[in-house]
Structure formats: C-alpha cells, structure tokens
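Hi,

Here is the structure I said I'd pass on. Have a look at it first, and then read my notes underneath.

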Protein chains: 2
Amino acid sequence: MLDLDARKQEILDAIIEAYIHDAEPVGSERLAQRIHLRMSPATIRNEMATLEEMGYLSHPHTSAGRVPTDRGYRFYVDSLQQNEPLSAQDRNRVRRVLHPGEQRERLPEEVARALATITEYASMVTSPGAEDQVFKHLHLIPLTEHEVLAIIVTDIGVFHGKTFSTQDPLEPDALDRLSQLVSHRLHGYALTEISGELLSRFLHEAAWQHRIVEELAAWLRQRLPRLADRRIHIEGTANILKQPEFRDARSARPILSALEREEVLSDLLRATEGRDIWVTIGREHRYEELHGTAVVAAAYRLGGHPGGALGIVGPTRMKYAKVMALVRYLAVNLTELLGEPS
Amino acid sequence: MLDLDARKQEILDAIIEAYIHDAEPVGSERLAQRIHLRMSPATIRNEMATLEEMGYLSHPHTSAGRVPTDRGYRFYVDSLQQNEPLSAQDRNRVRRVLHPGEQRERLPEEVARALATITEYASMVTSPGAEDQVFKHLHLIPLTEHEVLAIIVTDIGVFHGKTFSTQDPLEPDALDRLSQLVSHRLHGYALTEISGELLSRFLHEAAWQHRIVEELAAWLRQRLPRLADRRIHIEGTANILKQPEFRDARSARPILSALEREEVLSDLLRATEGRDIWVTIGREHRYEELHGTAVVAAAYRLGGHPGGALGIVGPTRMKYAKVMALVRYLAVNLTELLGEPS
DNA sequence: CGTTAGCACTCGGCCATATCGAGTGCTAAG
DNA sequence: CTTAGCACTCGATATGGCCGAGTGCTAACG
C-alpha cells in the first residue's frame with residue numbers, strides 16, 4: 001500500500017498541503033513553484049497521472065488541477081504520525097484562550113471552546129466519567145417529611161442525585177440506617193458490576209418495608225450504569241459553515257444535524273479508545289452524513305484510568321498537522337488539569 | 001399605529017400568510033386568487049402601495065411582488081394574540097414525539113427536541129432554576145481523609161456539589177458540626193439574599209480554623225448566586241439551514257454562532273418574563289446577528305414560581321400562528337409535568 | 001530511460017447579450 | 001372607489017463567445 005517512491009510522496013504531500021491551504025485544485029505549474037522548481041511541471045504532471053491511477057488524487061474535470069482523495073489524505077496523515085510538537089504560537093493561543101476556571105466540571109467545556117476557537121473547526125470534549133468508577137456512598141438527605149434527596153458518590157468524586165417523595169412520612173433515623181446499609185453493601189463495587197439482581201437481593205435480605213426503598217432501588221438500577229456516561233460538549237459547529245466546501249447550506253446541514261445527535265458524537269470519540277490519536281477521513285466514517293468530513297480525536301486519562309476523549313470535526317481538507325498536534329497537546333493537558341483534584 | 005381598515009388588514013394578512021407559506025414575494029395576481037377574487041388585482045395593487053408607504057410591506061425590486069417588513073409581521077402577530085388553540089394534529093404530534101422519560105432532569109431536553117422536530121426550527125428550553133429558591137442544607141460528606149464532597153440543597157430540591165481536598169486530615173465530626181452550623185445559619189435565606197458579607201461574618205463568628213472553611217466559603221460565595229442559573233438546552237439549530245433565506249452559509253453562520261453563545265439564549269428567553277408569550281421579530285432583536293430571525297418564547301412555572309422558559313428561533317418568515325400555539329401549549333404542559341415531583 | 005520542452009486540446013468560469021414574464025404604477029373608463 | 005388596460009421594469013434564465021489554467025501526448029534532450 002505504501003508503495004510510493006520518495007518523489008511521489010513529496011508531490012502528494014505538496015499537493016495536499018497546497019489544497020489544504022487554499023481549497024482549490026492544484027495544477028502542475030503552481031505546484032512546481034511551490035516545490036521550488038526542483039522538477040519541471042511536465043514531470044510533475046506525469047507523476048500526478050500515476051498518483052491518480054493509484055487512487056491518491058482525483059480530477060474534478062479534464063482541465064482542472066488535482067484534488068486529494070480520501071486515500072490521499074489517509075496516506076498523508078499516516079506519514080505524519082511521528083509526533084510533531086505543537087507550534088509555540090499555538091501553545092500560546094491555548095494558554096490565552098483556555099481559562100481553566102475555578103470549577104473542574106466546567107473544564108471540558110472550556111477546552112472544547114478553546115479547541116473550536118483556535119482551529120476554527122467544530123470540537124467535542126467528553127466530560128470525564130470513567131467506566132471503572134467504584135461505588136462509594138449513598139446519602140439520603142431528608143428534605144421534608146415526605147421528600148428525600150438521594151445522592152450517589154463514586155470514588156473519583158462524581159456524584160448524582162435525585163429527589164424522592166412518598167406518602168408515608170420518612171424518619172431521619174430510618175433513612176440513616178438505610179443509607180448506611182446500602183453504602184456498606186455496595187461500597188467498592190465497580191458501577192458496572194452492580195446489577196439489578198445484586199440490588200434487589202440484598203434489599204430484599206434487609207427486609208425493608210418502606211415504599212421508598214423500591215423506588216430507590218429502581219432508581220439505582222436504572223441510574224448506576226449510566227452514571228459513568230460521559231456528557232459530550234460540542235462547540236463551534238457553526239465554524240463548519242466557514243469552509244468553502246460547505247458554503248451551500250444544503251451540503252452543511254446533514255453534517256450539523258449529525259453533530260446534534262449525541263450517539264454520533266459518542267461514536268466518533270469512542271473510536272479513539274486505546275489509541276494515542278485517531279483520525280477518520282471522509283468515507284471511512286460509518287455515518288454517510290460525515291463522508292465529507294474528517295475527525296481527529298484523542299483520549300485523555302484520569303487518575304490512571306481512561307477519562308474521556310476530545311476531538312475535532314472539519315472538512316477532509318483539514319489542517320491535519322496542526323490539528324493533530326493541538327488535539328494531542330490538549331489531551332495531555334486535560335489529563336493533567338483534571339488529574340489533580342483542585 | 002393600528003390604523004388599518006379591515007380590507008388593508010385582510011390583504012396584509014393574506015400577503016404574510018402567502019409569503020410564510022412559499023417564501024416568495026407575492027404579487028397582486030396570485031394574491032387575488034388566494035383571496036378568492038373578492039377584489040381585483042388592481043385594487044389589491046393600490047392597497048399594497050399604501051401598505052408599503054405605511055411601512056408594512058417592501059419591494060425587493062420594481063417588478064417583484066411584495067414582502068412583509070418586520071413591522072408587517074409585528075402587526076400580524078399582534079392581531080393574532082387571541083389564544084388560538086393548538087391544532088389537534090399538532091397536539092398529537094407532541095404526544096408522539098415527547099417521551100417524558102423517567103427523569104425529570106431530562107424533561108427540558110425532551111421538550112426542546114420535540115419542539116425542534118415539530119416546528120423544524122431551532123428550539124430552546126431552560127432547565128428550571130427559580131430565582132427565589134431558598135437555601136436549605138449544606139452537606140459535607142467525607143470521601144477520604146483529605147477529600148470532602150460539599151452539597152448544597154435548596155427548597156425545591158435543586159442541588160449542587162463540589163469536592164474539596166486539603167492537606168490537613170478532616171474529621172467526620174468536625175465536618176458534621178460545620179455543616180450543621182452552616183445549614184442552620186443559612187436555612188431559609190433566598191439564594192439571592194446570601195451575600196458574601198453574610199457568609200464571612202458568621203463563619204468568622206464561628207471562629208473556625210480549618211483551611212477548608214475558607215475554601216468552602218469562597219465556593220459558596222461564588223456558587224450560590226449562580227445556583228439559580230438555568231441551563232439552557234438548544235436543539236435543532238441545523239434546521240435553520242432548511243430555510244431558503246439561509247440557503248447561503250454566509251447568511252446562516254452568524255445566526256448559528258449567536259445561538260452557540262449561552263448569554264444570547266438567556267437574553268432571548270429572559271424577554272418573556274412576566275408575559276404570557278413573547279415574540280421578537282427581526283430588527284427588534286438587540287443582537288444584530290439575529291436581525292433576520294424571529295423568536296417566539298413563553299415562560300413556564302414551577303410550583304407556583306417562575307420556573308423557566310422555552311422558545312423557538314426561526315426566520316422572520318415564521319409560522320407564527322402554529323408556533324405560538326405550540327409554544328404556549330408546551331409551556332403549560334411543562335408546568336404540569338414538572339409541577340408534580342414524580 | 002527518465003526528464004523536459006512544446007503544443008494542441010479541453011472545459012469550467014466569466015462576461016455580454018437576448019429573451020421572458022411576473023409584477024408594477026399609471027391612466028382612464030365603469 | 002374600483003377595475004381594466006397597458007407600457008414599463010428588471011431579475012431570472014438561457015445562449016454564445018472568449019479566456020486561460022491545466023492536461024496529455026509527442027518528441028527531443030542529457
């Protein structure tokens with residue numbers, strides 16, 4: 001597959017970079033200048049013809065220049081993999097744009113915003129919500145005689161709550177014992193381990209009578225597996241419209257619609273799991289609406305565990321080098337910023 | 001201002017409805033047909049000329065039909081105010097599209113989605129977060145020796161939490177006393193009443209030494225006023241691109257960008273406060289980017305208090321009648337669904 | 001034999017021109 | 001006051017010609 005001699009590769013790279021830069025099919029003449037005339041336009045033409053035959057380039061029409069295919073981009077991106085560092089300039093922009101704020105929960109949003117601002121593409125960042133979180137406490141807090149607030153806390157400090165209300169009055173003592181019991185029994189289980197069965201069994205053992213117990217159990221059953229769900233923030237989707245290839249709203253709408261669907265975002269980011277950085281180009285996407293786009297994504301870690309992911313959505317004609325460096329950089333940064341609970 | 005005789009009004013309404021329907025300037029001939037030939041095209045032309053002079057219509061160019069101005073729409077909308085009920089068809093669609101889900105927190109999102117699906121415009125819904133919430137409890141939950149989770153609870157069950165960590169070990173007893181103290185002192189205050197001063201004064205009185213107290217105070221100071229903040233969900237922004245007037249991405253981008261800014265959404269919805277339903281048309285918007293759009297918004301209530309708001313963003317050429325009925329209907333519905341804590 | 005100059009050819013983009021027709025405003029008659 | 005008639009306007013659409021960037025091929029060159 002990588003059977004491109006050095007010259008072909010150089011030409012391919014140059015074409016891609018030129019095309020990324022000004023979004024117009026590049027011809028042999030202009031390319032020759034860009035390459036500093038080390039070959040004649042004619043030679044370049046010959047090479048371009050073979051590159052086209054090999055599927056790396058295509059031809060909008062006879063008398064137009066060449067445009068990279070998805071395969072061309074793929075080759076380009078793969079040959080880029082060696083970790084280029086982020087340019088000092090971009091690093092400064094990150095520092096300027098990213099205000100880590102006081103609140104940790106806000107950080108992912110901040111990062112998403114920073115990514116979108118700097119790249120001028122759309123960006124996504126998941127809030128952390130590691131799958132291997134461990135149950136720690138259940139707190140039942142009486143609000144009134146008939147209302148109680150239940151709060152689950154996990155080892156990494158993620159929590160979730162819900163208010164319950166019942167007919168029968170609730171005694172603080174009973175609530176206390178109940179939370180003790182639940183906390184005790186579930187303590188140390190990974191969220192994913194806590195099955196409905198486990199729950200009902202021991203609540204049954206405890207032979208609790210109050211109706212709230214059932215409701216509570218139902219809620220836990222339903223909520224615990226999802227507590228690990230990552231919320232996905234997306235920013236800068238309007239940037240898509242800046243791209244000349246999406247100047248026409250009809251071509252942009254399917255993309256924006258797709259990016260409004262949470263399962264799509266989650267799929268896009270999930271692809272990066274276990275990999276350092278992951279790029280999906282054009283028709284490699286399983287969603288047809290995204291065939292005109294490229295996604296660069298990276299995972300971040302949280303206290304030694306997978307924490308979440310972040311990514312960029314832009315046209316296939318994306319500034320891969322810059323974006324990949326940036327995404328990689330922010331993934332590391334996020335790991336650090338989130339790693340130490342402030 | 002409302003000095004339009006019945007005929008002028010009829011013509012204006014007809015023009016607006018025709019234009020809303022097919023997004024093309026309407027001429028006298030076509031209009032005469034629509035109005036069932038009760039007047040001749042010539043008469044209509046005369047009236048149109050005066051309506052234009054009065055500022056209700058405009059003329060893209062000499063040989064084109066008429067298009068309503070913002071003022072025209074405003075007149076139309078104001079004359080619509082008598083509560084038209086939602087069509088049975090739309091009511092069914094609501095029922096089909098809206099799955100109130102099990103979770104109350106999700107409801108606003110569901111409603112936003114339903115609104116966007118049905119109207120094919122963009123929709124916004126705030127999560128409830130009444131301004132007149134009353135502080136109820138502070139709970140400090142030890143996580144480890146060095147970490148503690150603080151949770152604020154208000155009278156209507158809204159809560160918020162944050163984890164703190166310190167060098168000095170934390171004793172559960174001390175934490176308990178601290179939360180007791182804070183809860184006791186702040187209990188019953190409206191969130192907005194709790195000033196930084198009040199906080200520092202009594203924390204000072206209590207002469208607490210632990211460093212966590214300062215952090216906690218800082219957090220409360222900063223967080224309490226914002227606890228009433230409403231989260232705003234927006235859905236269906238891509239629908240904007242369906243509108244022929246925004247076929248060109250360059251005209252749509254400023255709008256989509258504006259709708260990505262939370263303060264813009266919040267402003268749009270805030271306008272509805274105290275009113276049954278509120279419509280903002282074109283240049284009435286304070287944000288220039290939205291001059292081509294119209295917003296229909298309504299507030300919903302929550303347990304007798306203002307709860308939040310919901311709204312629709314579309315082109316000024318919006319299906320006002322339908323949208324207003326729908327928004328009003330869902331505002332009432334939301335009040336009910338949220339009203340009774342499940 | 002790979003490279004390059006030369007050249008005929010292609011074809012989209014652009015501009016100028018012509019045509020069409022929906023729609024107007026005015027005038028005059030009903 | 002309403003309406004028929006009519007000249008006029010002007011954007012939208014279609015047509016044709018031209019331009020030039022870019023190609024592929026051929027033949028000469030090192």
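Below is what I found, going from the DNA to the protein contacts and then the cores.

One thing before you start: this is a predicted model.

**DNA side**

Let's take DNA strand D first. It has 20 residues around it, and the closest are A:Gly27, A:Ser28, B:Thr43, B:Thr62 and B:Ser63. Helix 2 (28-34) and helix 3 (41-53) of chain A each put at least two residues into that surface, and so does helix 3 of chain B. The top contributor is helix 3 of chain A, with 4 residues. By class, the surface near DNA strand D comes out at 6 nonpolar, 10 polar and 4 charged residues.

Now for DNA strand C. Here 20 residues surround the strand, with A:Thr43, A:Thr62, A:Ser63, B:Gly27 and B:Ser63 the closest. At least two residues each come from helix 3 of chain A and from helix 2 (28-34) and helix 3 of chain B. For this strand, helix 3 of chain B gives the most, with 4 residues. The class split is 6 nonpolar, 10 polar and 4 charged.

**How helix 3 of chain B packs**

Helix 3 (residues 41-53) of chain B also meets helix 1 (residues 6-22) of chain B: their axes come within 10 Å and cross at roughly 90°. The two helices are therefore roughly perpendicular to each other. On the helix 1 side the contact is made by B:Arg7, B:Lys8, B:Ile11 and B:Leu12, and on the helix 3 side by B:Ile44, B:Glu47, B:Met48 and B:Leu51. That makes 5 nonpolar and 3 charged residues, with no polar ones.

**Chain A against chain B**

Each chain brings 31 residues to this contact. On the chain B side, strand 4 (135-142), strand 5 (147-154), strand 6 (159-165) and helix 10 (249-259) each supply at least two residues. Helix 10 of chain B has the largest share, 5 residues. The residues on that side divide into 13 nonpolar, 9 polar and 9 charged.

**Cores**

The largest nonpolar core has 144 residues, and A:Ala297, A:Leu310, A:Val327, B:Ala297, B:Leu310 and B:Val327 have the most contacts inside it. If you want one residue to click on, try B:Leu310: leaving aside neighbours within four places in sequence, its contacts include B:Val111, B:Leu115, B:Met124, B:Ala297, B:Tyr300, B:Val327 and B:Leu334. Another core, of 44 residues, lies apart from the largest one, and among its members are A:Ile152, B:Phe135, B:Leu149 and B:Phe159.

Cheers

Notes. Residues numbered from 1 in each chain as written. Chains lettered and ligands numbered in written order. Predicted model: local features only at pLDDT ≥ 70, side-chain atom pairs only at ≥ 80, totals over all residues. Axes fitted to C-alpha atoms, helices over the stretch in contact; angles between N-to-C directions. Parallel < 35°, antiparallel > 145°, perpendicular 65-115°, else oblique. Contact = placed C-beta atoms within 7 Å. Nonpolar A, V, L, I, M, F, W, Y, C, P; charged D, E, K, R; others polar. Near = placed C-beta within 6 Å. Core = buried A, V, L, I, M, F, W, Y, C linked by C-beta atoms within 7 Å. Buried ≥ 20, exposed ≤ 12 C-beta atoms within 10 Å, placed from the backbone.
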